[in-house]
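Q: Please take a close look at a single part of this model and explain it to a first-year student. Please also set that part in its wider surroundings.

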Amino acid sequence: MEKTEISRRDLRARTRIRTSVSDRIIDVVTYIVYVLFAFVCVYPFYYIIINSISANNLSERGKVVFWPLEVHFKNYESVMKIPGLWDAARNSILRTVIGTVLTVIIAAFLGYMFTRQTMWHRKLWYRMVTVTMYVNAGIIPWFLSMKLLGMTNNFWGYIFPMIIQPFYIVLCKTYCESVPQALQDAAEIDGAGTLRIFFRIMLPVIKPILATIAVFAAVNQWNAFQDTLLLMTKKELYTLQYVLFQYINQASSLKALVSNNTSTSALMASLAHAATATSIRMTVTVVVVFPIMCVYPFFQKFFTKGIMIGAVKG
Amino acid sequence: MQRLNPKTKRSFLEFGYILPFLIIVLLFSYFPLYGWVYAFHDYKPPFPIGADTFVGFKWFATIINNPTRLKGVFRVLRNTFAMSGISLFFSWFPMIFAVFLNEIKNKSFRKFTQTVTTLPNFISWVLVYAFAFTLFGTNGAVNSVLKDLGVIEKSIPFLQSSEHIWFKMWLWLTWKNAGWAAIMYLAAISGIDEQMIEAAKVDGATRMQIIWHITIPSLLPTYFVIVMLNLANFLSNGMEQYYVFQNAFNKDFIEVLDLYVYNLSTSGTGMYPLSTAISILKSVVSVVLLFATNTVSKLIRGEGFI
């Protein structure tokens, strides 16, 4: 009796030691792996920023690795002088603002309307909209029909094809359904019409989900690249994403800018400050990524919420 | 004439409110399907198609009858299968990422890691490529550091080569998506019954045992859905990532089906019908895959994901 008691205690003690050692190992390994992972995710952002403010002759040879060297802000000055970039920035900002506002309003309105039991053939229309999530005509048929609709070389080509997002509408509908029906009933007794109920009662109530949708729609609009590639050939309609891609991939488009710049100001600017293809590329990259980096920390909770709702649905 | 009663009137009025939006859906989501007719015509822009340009299944037949065309299709199918296959093979990665992230006891470090690894998901592929270009280009930081350390003498063309390109593409994809994909699993982990874990601890289970016997089994339903979605999208890896990373050196190995359709159409306007034909075939297979995986999901899980 006594013997078994001792051995059991002994066993427990031994297990505890074993667990704590293996625990330590797991802890150390996990920390190392996740520190590495975090580093790999952050470093490219850091690298591009320190290079955009370092001496250009050093950054061009990949010598700026840990911290900025010979800090200067001439690159941002020379980037601001690129004429096409202002147009691109204006287009990117406009499409993000207009596109986001319309996407959110439409998602809210349709999401609410699809909860109206009284609507004529409500289910049919709801299905008609949601099925488009799985309908994909393919690039060329899409391009040809957008051309027929006059969306090529037209700023609205950035807006119209993107403003009705079935997934967001589903999210809004689900959210509206979770709002107590009594709220609408009370308004209806007071004589409020469908639109009045939407604007006065539902819209303020469903604000949380609209914030999430707005963040997603804005990021999508800002990052969109393919529609410029397919629809736009006019330079003044290019977006920042597209211009950046051109700067990276078509050396010719940058060479003109650089030589232009050097001929006028190379004598005055030192080698460290004269614009090079690399310096322009990096600086424009910072310009394009900066809005996302600024917005991200504040809206992270919305992002997280977005995927949770999506997960519940999926 | 009989007057509409107020209820019917309202029901039509509400339909009227959404009608403009339904028209937008028709124009921008359904009308492009009409573009499929181009696959059955000898379409030479700017001349419009008509009865005289109708050629039936000629373009579909070319895919099989023309040996170079057939070779090209097989090549891009190989690339598509390889890259989708690698993604599928490593699809457990975000799950394991979430499981061990959850094991980190220091709350602020855990939060920091989660925030930081999710960030790349929100930048475009163009920006990813901009990062890749500056870091891994011949004059990039990686080559410069390796040269300074004396590891290599000549720059390695990481981007201008087809070497390990399928795996590299998976790495970039993972860099961008892993943290984001892990959030879903983290949510599922926080939903695990705390009592179950406590009970296991009382019984003397080690951490690895808890992970293996409790955490991972409770994540498997979520994982299963992800695998099914992966299978449903097996042919559709999208074109943006491969488009930005493609160049003359890696083109033969990076071209996936979606990119091939695009590249084909830009090689000359006469190619519109052929690339439409290929994308129609792709759509048909994708729909079949979607319904097949949905059925499998219904059989195993009791509910589909459509």
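A: The account below begins with the largest nonpolar core, then turns to the contact between the chains, one covered helix, and some individual residues.

The structure is a predicted model. Its overall scores are ipTM 0.88 and pTM 0.87. Chain B averages a pLDDT of 87, with 98% of the residues scoring at least 70.

The part chosen for the close look is the largest nonpolar core, which has 118 residues. The residues with the most contacts inside this core are A:Ala107, A:Leu110, A:Cys172, A:Ile213, A:Leu244, B:Val126 and B:Tyr129. The list names residues of chain A and of chain B. Helix α4 of chain A, residues 83–113, gives the largest share of the core, namely 10 residues. The domain assignment of chain A gives domain 1 (2–52) and domain 2 (74–313), and the core draws at least three residues from each of these two domains. In soluble globular proteins, nonpolar side chains tend to be buried together.

One residue of the core may be followed in detail. If neighbours within four places in sequence are left aside, A:Ala107 is in contact with A:Gln165, A:Tyr168, A:Ile169, A:Cys172 and A:Ile213. Besides the core just described, there is a second, separate core of 15 residues, which includes B:Val99, B:Leu101, B:Ala181 and B:Leu219.

The two domains of chain A named in the assignment also touch directly. Their contact takes 5 residues from domain 1 of chain A and 7 residues from domain 2 of chain A. On the side of domain 1 that touches domain 2, there are 3 nonpolar residues, 2 polar residues and no charged residues.

The contact between the chains comes next. It takes 72 residues from chain B and 69 residues from chain A. On the side of chain B that touches chain A, the largest share comes from helix α1 of chain B (residues 6–34), which supplies 18 residues. That side of chain B divides into 47 nonpolar, 20 polar and 5 charged residues.

The secondary structure of the chains gives the wider setting. Chain A has 14 helices and 0 strands, and chain B likewise comes to 14 helices and 0 strands. Buried residues make up 39% of the 314 residues in chain A, while 32% of the 306 residues of chain B count as buried. Among contacts in chain A with a separation of 6 or more, 73% are between residues 24 or more positions apart; in chain B, 67% of the contacts between residues at least 6 apart join residues at least 24 apart. The radius of gyration of chain B is 26 Å, whereas a compact globule of 306 residues would have one near 19 Å. The C-alpha trace of chain B spans about 80 × 75 × 35 Å along its principal axes.

Helix α13 of chain B (residues 257–266) offers an example of a covered element. This helix is mostly covered, with 8 of its 10 residues buried. Among the buried residues of α13(B) are B:Leu257, B:Asp258, B:Tyr260 and B:Ser265. The buried residues of α13(B) pack against α6 (139–148) of chain A, and also against α3 (67–89), α11 (240–245) and α14 (272–301) of chain B. Just after α13(B), B:Gly268 takes a positive phi of about 155°.

In chain A, A:Leu210 shows how a residue is classed by its surroundings. A:Leu210 is found in helix α10 (residues 207–223) of chain A. A:Leu210 counts as buried because it has 20 C-beta neighbours inside 10 Å, and the cut-off for a buried residue is 20 or more. With neighbours within four places in sequence left aside, A:Leu210 is in contact with A:Val104 and A:Ala108. The C-alpha atoms of A:Leu210 and A:Ile105 are separated by 8.5 Å, although these residues are 105 residues apart along the chain.

Two loop residues of chain A complete the account. Most residues other than glycine have a negative phi. A:Glu70, however, has a positive phi of about 50° although it is not a glycine. A:Glu70 lies in the loop between α2 (56–59) and α3 (74–80) of chain A, and it counts as partly exposed because it has 15 C-beta neighbours inside 10 Å. A:Asn153 is not a glycine either, and has a positive phi of about 50°. A:Asn153 has its place in the loop between α6 and α7 (166–178) of chain A. With 13 C-beta neighbours inside 10 Å, A:Asn153 therefore counts as partly exposed.

Note on methods:
Residues numbered from 1 in each chain as written. Chains lettered and ligands numbered in written order. Domains from an automatic or database assignment. Contact = placed C-beta atoms within 7 Å. Nonpolar A, V, L, I, M, F, W, Y, C, P; charged D, E, K, R; others polar. Helix = DSSP H or I, 4+ residues; strand = E, 2+ residues; numbered from the N terminus. Core = buried A, V, L, I, M, F, W, Y, C linked by C-beta atoms within 7 Å. Buried ≥ 20, exposed ≤ 12 C-beta atoms within 10 Å, placed from the backbone. pLDDT = per-residue confidence, 0-100. Rg over C-alpha atoms; globule rule 2.2 N^0.38 Å.
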